[in-house]
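Open the model in your viewer and keep the selection tool at hand. The tour moves from confidence to aromatic rings and then to charges.

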Amino acid sequence: FDFTSISLSIEFKLNTDDDPFVDDLSLPSFENDSEKGLRTRGQLARYADEQFAQQHRCHLFQIVIFGSRARLIYWDRAGVVVTRWFDYVRNPQILVVFLWRYTRTTAARRGMDPSVSQPTQREVKIFRKTLCAFVIDGKADNKDELPWAYMALDEGYPILRKLEKMI
């Protein structure tokens, strides 16, 4: 799975037993501690962790669908906010409105860090040439020491540019 370019992850589960959360406010926790609930919650957390690790993000959204129910999830660096479940078959407008708004909003509102942008082809070429010289000149003694240096030489590796000033 390529986490370098995903914008919104949607996880599908077959039935309501896979719901990672509970909506019963009388319980001490909103986490579903069943085996299936723990597994789904761990999977969603891993996806969020990978997306944060491989993209410059301030926050991200996820959708989890289990049976005819769904939840919207918002992650940031401090934690997570989860909606109550809703039946998207009987009330599709919640999911439709969320997706409609999500596709029409800015990248920053989708969670992308606005201080990072795509470099020009010239900047990428200079970066790779400099990095190649760094690796070849022996500054990186082996692949285990600076694995990112070798990964960034791959043509498919995403290169981003940090903006000097926030506009």
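**Start with confidence**

This is a predicted model, and its protein chain has a mean pLDDT (the predictor's confidence in each residue, from 0 to 100) of 88. In that chain, 91% of residues reach 70 or more. Residues are numbered from 1 along each chain as its sequence is written. Local features need pLDDT of at least 70, side-chain atom pairs count only at 80 or more, and totals for chains, interfaces and linings use all residues, while side-chain values use heavy atoms, without hydrogens and water.

Select helix α2 (residues 93-104): confidence is highest here, at a mean of 98. Now select helix α4 (residues 147-152), where confidence is lowest, at 72. Helices (H or I, at least four residues) and strands (E, at least two) are DSSP runs, numbered from the N terminus.

**On to the rings**

The structure holds six aromatic pairs. Rings of Phe, Tyr and Trp (its six-membered ring) pair if their centres lie within 6.5 Å; planes under 30 degrees apart count as stacked, over 60 as edge-to-face and the rest as tilted.

Select F61 and F98. Their pair is edge-to-face, 5.7 Å centre to centre, with 65° between the planes. F61 lies in strand β2 (residues 59-66) and F98 in helix α2, 37 residues apart. F61 is buried (under 20% relative accessible area; exposed is over 50%, partly exposed in between; 1.4 Å probe, protein chains only), at 18%.

Add Y102. The F61 and Y102 centres are 6.0 Å apart, with planes at 85°, so this pair is edge-to-face too. Y102 is buried, at 8% relative accessibility.

Add Y74: ring pairs link F61, Y74, F98 and Y102 into a cluster.
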